[in-house]
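Me: I would like to learn how to read the strand pairing and the helix packing of a model such as the one below. Could we go through the features in turn, with the general idea ahead of the particular case?

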Amino acid sequence: MRIVVLAGGIGGARFLRGLKAAEPQADITVVGNTGDDIHLFGLKVCPDLDTVMYTLGEGINDEQGWGRRDETWSIREEMAAYGVEPTWFGLGDRDYATHIVRTQMMGAGYPLSAVTEALCARWKPGVRLIPMSDDRVETHVVVDTAELGDAVAGDRPGTRKAIHFQEYWVKLRAAPTAYAIVPVGIEEAKPAPGVLAAIAEADVILFPPSNPVVSIGTILGVPGIRDALVEAEAPVVGLSPIVGGAPVRGMADKVLEAVGVETSAVAVAKHYGPGLLDGWLVDSTDADSVAAVEEAGIPCRAIPLMMTDVEATAAMARAALDMAAEVRAEGGV
């Protein structure tokens with residue numbers, strides 16, 4: 001079975017671990033979000049790609065969901081002692097090695113997709129991991145400067161600026177109101193080699209419970225990817241990242257509000273749209289929303305969607321694959 005998964009960071013990585021357990025013989029291609037990428041201390045950092053790679057390669061810090069297991073922080077402490085900013089983004093000593101290798105290879109002319117393949121040769125994640133694009137795309141968030149604190153004291157409400165998504169998400173914990181999400185460079189970006197072919201050749205395409213705006217939404221924004229998904233013969237099935245009117249993890253409600261989408265399983269399904277989704281899974285606690293999703297033209301089922309362990313996540317993955325098979329059997333695609 002050829003499966004394509006569009007994935008962000010922690011949620012996407014944990015879902016993939018369950019998918020591999022559910023279908024160990026499957027040929028899985030992961031199209032990873034690179035809108036969260038940031039340049040720090042002269043290094044190219046790809047948080048979502050690395051989280052998938054470390055998680056499936058058994059090197060992730062499971063407790064926090066990102067970064068390396070058994071990490072040390074000597075470089076970070078020394079950088080802080082020199083007064084080098086930013087101090088709010090955590091790069092551990094082991095993690096630095098990945099970013100140094102990536103930056104060196106890209107400086108030598110290798111595209112991000114080739115570099116990612118080389119890095120995965122060490123970690124052996126058991127999937128083919130491809131960045132959504134080799135082109136530079138970085139998500140920014142438009143905020144009111146009056147909400148940013150003492151650094152901009154005196155700014156009047158209504159004065160807005162765009163800040164990098166990582167500053168908004170990590171440093172500010174999404175506290176300021178997000179007025180717009182701007183993936184800088186996306187209009188000129190092209191899908192990385194292999195992305196469109198994987199979609200065209202897939203038997204099933206899955207949207208895990210990743211952020212629908214700044215993870216999967218950014219991937220869909222790369223010109224050509226959404227069209228390829230709409231035209232694909234494979235059924236597209238998504239799993240809701242919203243349970244009981246709240247994000248399962250993180251602060252997805254903040255960015256959903258920025259694009260005018262209610263924080264609900266129904267609203268996210270409609271945001272993707274019936275032209276894109278062939279099936280949608282909501283949590284059992286949202287079973288009363290199934291009818292509303294189906295009225296919007298998207299087949300829907302309610303199942304447990306909490307990724308409490310690998311077994312529970314594998315059950316979610318099987319349910320998504322079963323729904324894809326149902327859709328195909330009913331002639332939905």
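Me: In which sense do strand β1 and strand β2 pair, and over how many bridges?

Reply: Strands count as paired if at least two bridges are found between them. In this predicted model, strand β1, residues 2-7, and strand β2, residues 27-32, pair in the parallel sense over six bridges. As a point of reference within the pairing, I3 stands opposite I28 in β2.

Me: What is the order of the strands in the open sheet?

Reply: The sheet has seven strands in the order β5-β2-β1-β9-β10-β13-β14, and the pairing is parallel. From one strand to the next, the twist averages 20°.

Me: Why is one side of β5 and of β14 left without a neighbour in the sheet?

Reply: Both β5 (128-131) and β14 (300-303) stand at the edges, and each has a single partner strand, so one side of each lacks a neighbour in the sheet.

Me: Which strands does helix α1 lie across?

Reply: Helix α1, residues 10-22, lies across β1, β2, β9 (204-207) and β10 (236-239), and its direction runs at about 160° to β1.

Me: At what angle do helix α4 and helix α5 pack, and how far apart are their axes?

Reply: For a pair of helices, an angle over 145 degrees would count as roughly antiparallel, and one from 65 to 115 as roughly perpendicular. Helix α4 (residues 93-107) and helix α5 (residues 112-123) pack at about 140°, with their axes 10 Å apart, and the two are therefore oblique to each other. Their crossing is right-handed. On the α4 side the contact is made by T98, V101, R102, M105 and M106, and on the α5 side by L112, V115, A118 and L119. By class, the residues of this contact divide into seven nonpolar, one polar and one charged.

Me: How do α2 and α4 pack, in angle and in the distance between their axes?

Reply: Helix α2, residues 47-56, packs with α4 at an angle of about 125°, the axes being 12 Å apart, which makes α2 oblique to α4. The crossing in which α2 passes α4 is right-handed. Here D50, M53 and Y54 in α2 meet D95, T98, H99 and R102 in α4, and the residues of the contact divide into two nonpolar, two polar and three charged.

Me: Which residues of α4 should I look for in the contact with α5?

Reply: Among them are T98 and R102, and in α4 T98 and R102 are also included in the set that α2 meets.

Note on methods: Residues are numbered from 1 along each chain as its sequence is written. This is a predicted model: local features need pLDDT of at least 70, side-chain atom pairs count only at pLDDT 80 or more; totals for chains, interfaces and linings use all residues. Side-chain values use heavy atoms; hydrogens and water are left out. Axes are lines fitted to C-alpha atoms, for helices over the stretch in contact, and angles run from 0 to 180 degrees between N-to-C directions. Helices (H or I, at least four residues) and strands (E, at least two) are DSSP runs, numbered from the N terminus. Angles under 35 degrees count as roughly parallel, over 145 as roughly antiparallel, 65 to 115 as roughly perpendicular and the rest as oblique. A crossing is left-handed if the near helix is turned anticlockwise from the far one by less than a right angle, and right-handed if clockwise. Contact means heavy atoms within 4.5 Å. Ala, Val, Leu, Ile, Met, Phe, Trp, Tyr, Cys and Pro count as nonpolar, Asp, Glu, Lys and Arg as charged, and the others, Gly among them, as polar.
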